[in-house]
Amino acid sequence: MPAKTVPSPRALANSPRPNVLFITVDQWRGDMGPGQKAAVPTPHLDALCNNATCFTRHYTQAYPCGPARAGLLTGLYPHKHRVIQNGSPLDAQYRTLAQAARHSGYRPVLFGYTDTQADPRTLEPTDPAWADEEGIAPGFDVQCLLTARAQPWIADLIKKGYPIANPKAGRDGIYQMAPFGTSTCIKAEDSETAFLTAQVLDHLSANTQQPFFIHLSYIAPHPPFAAAKEWLAKVSVPDANKRENRPSHSEAIRHPLIAFHHRTQNLSSFAPNISGPVHTASEQTQTAIRHAYGALMAEVDHHIGQLVARLKTLDLWENTIIVISGDHGEQMFDHDLLGKVGWHDAAAHVPLIMRVPGTKPGQSIDHFTQSIDLFPTLVQLLRLEPDVNLDGKSLVPFLNGLPPSDWRDCVFWSHDFRNLANLKAEQHFGLPSRLCNFHVVRTKTFKYVHFPTLPPVVHDLSNDPGEHLNIAESDKGLALRYEGLERLFNMRISYENEMLSCLQAQNDHLHGNRQCWEFHTFPQD
């Protein structure tokens, strides 16, 4: 295991077990984070990066939210954990990061949400968690559950005198209170992000649990794209998709999956009090949405600054690991799309900042890293029990300023576009649900997108960084398809489920490694 071959930071190895503040942001594009050429000011994250390591080529392994967080919290590729859509259950046999930390004496607490549908085989059908796609990942104690229902936040707004006409409408109902293109009706100091931050600040001030493990899951800058007046005034409109890199409509619709999304995506799913096809949105509409998206980022940055300041005030800074990352990105009108669809970098590239006491500060790492790397990294840093079933690799060598010579030269992710509730994609393409997916291999120079049935996609990233031209049928494209398919196949056979295959009975003895299943309890008949 990496923990046996790569030394942990000296400051942590010779000190009490560290605290953990693990922050996730939802739908934050990697190319609009610290260390990137973004137009959004993030002074607090920039300052943190001066004392941390910023990973600039960090990618999720699946999207949307549920699949992305399943990989983040299990350290597994989606072909193993099989959470492939929001609401897909997480198999109870797989250990989460929270369970691993709990097994080693931490008591992980959650502020926000994890979007984890429980394994229904472990529940009675009458259990409220039986079909709750906004459930809680195993291993966490909930301090403040803030899902799309937003009940604690709405209760706080009502207490403060806000006229909430329909509390049952959740967070979407709050944003519907103001017209599209204007600021929200909620003051900046009473926003969703401000409310959740205040809960964590109070917890830190009163916390006696040492060491602590806090998972803070901000929903911003996730839709609805609307922000308080103060934050809109602080940012200019970020142009994530520079004019020269933006495709025309005719270029974007050449692949049937993109054409399907153009047919089905509506602005009403992304911003309050507006509707119409996303791919025909006016420049004015696009500008308003991009402006709100940038404002939400600036707001999160401000509140992360408050958390850092509180850690320092409480003398917790020197023994606290800070991890800031995202679940997935946001198209933000690239290829005339919004949200996390398609195979483009905009949906898969996410930020990652790690501040670990005793490691080399101010680093910017451009090696390929993946969301599934965070689990094995924290296993090593926190001295947790290792797990042979993890697919990611420890990032500790990078934190120590010693990049491994044999590090990966590509990343993988996948997306499943089935919908078992309405079967729209299945009916549109005439496919069974199990074939509504694609798998991506992304190197520095090319991207290969494999579909079970739809046409393949190859982008020559050296000459087409905007991912506009599909060269899959050209001579060069055919060669890259072969390389991409070989890389994808080798990855799949190299990362199989080792839950029981790590054992072999022979000569009345069970050989192998039992640690991969000893931490689990299984339901009894």
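Helices here are DSSP runs of at least four residues, numbered from the N terminus. Keep that in mind as we walk through this structure, which is a predicted model.

Let's start with helix H4, residues 65–74. Right after H4 comes Gly75, and its phi is positive, near 70 degrees. What about the helix itself? Buried means under 20% relative accessible area, and 10 of the 10 residues of H4 fall into that class, so the helix is largely enclosed by the rest of the structure. Reading along H4, you meet Cys65, Gly66, Pro67, Ala68 and Arg69 among the buried residues, and Ala70, Gly71, Leu72, Leu73 and Thr74 are also on that list.

And which elements do those residues pack against? Three of them are strands: S1 (19–25), S3 (62–63) and S6 (213–217). The others are helices: H5 (78–81), H6 (97–103) and H15 (374–381).

Strand S3 gives us a handy way into the next stop, an open sheet of 5 strands. Go across this sheet and the order is S3-S10-S11-S12-S13, with mixed pairing. S3 sits at one edge and S13 (457–460) is the other edge strand, each pairing on one side only. Further in, S10 (residues 411–416) and S11 (residues 437–442) run antiparallel and are joined by 6 bridges. If you'd like one pair to look for, try Trp413, whose bridge partner in S11 is Val440.

Now over to a pair of helices, H9 (residues 192–206) and H13 (residues 283–313). Their axes are 10 Å apart, and the two pack at an angle of about 10 degrees. Angles under 35 degrees count as roughly parallel, and H9 and H13 are therefore roughly parallel to each other. Who meets whom? On the H9 side you'll find Thr193, Ala194, Thr197, Val200, Leu201, Leu204 and Ser205, and they meet Glu299, Val300, His303, Gln306, Leu307, Arg310 and Leu311 in H13. Sort the residues of this contact by type and you get 7 nonpolar, 5 polar and 2 charged.

While we're at H13, have a look at Ile304, which is found in that helix. Is Ile304 buried or exposed? With a relative accessibility of 2%, Ile304 counts as buried. Leaving aside residues up to four places away in sequence, Ile304 touches Ile23, Leu45, Tyr218 and Ile324. There's also His44 to consider: 260 residues separate it from Ile304 in sequence, yet the two are 7.0 Å apart in space, C-alpha to C-alpha.

Note on methods
Residues numbered from 1 in each chain as written. Predicted model: local features only at pLDDT ≥ 70, side-chain atom pairs only at ≥ 80, totals over all residues. Heavy atoms only, no water. Buried < 20%, exposed > 50% of the residue type's maximum accessible area, 1.4 Å probe, protein only. Contact = heavy atoms within 4.5 Å. Axes fitted to C-alpha atoms, helices over the stretch in contact; angles between N-to-C directions. Parallel < 35°, antiparallel > 145°, perpendicular 65-115°, else oblique. Nonpolar A, V, L, I, M, F, W, Y, C, P; charged D, E, K, R; others polar. Pairing = 2+ DSSP bridges.
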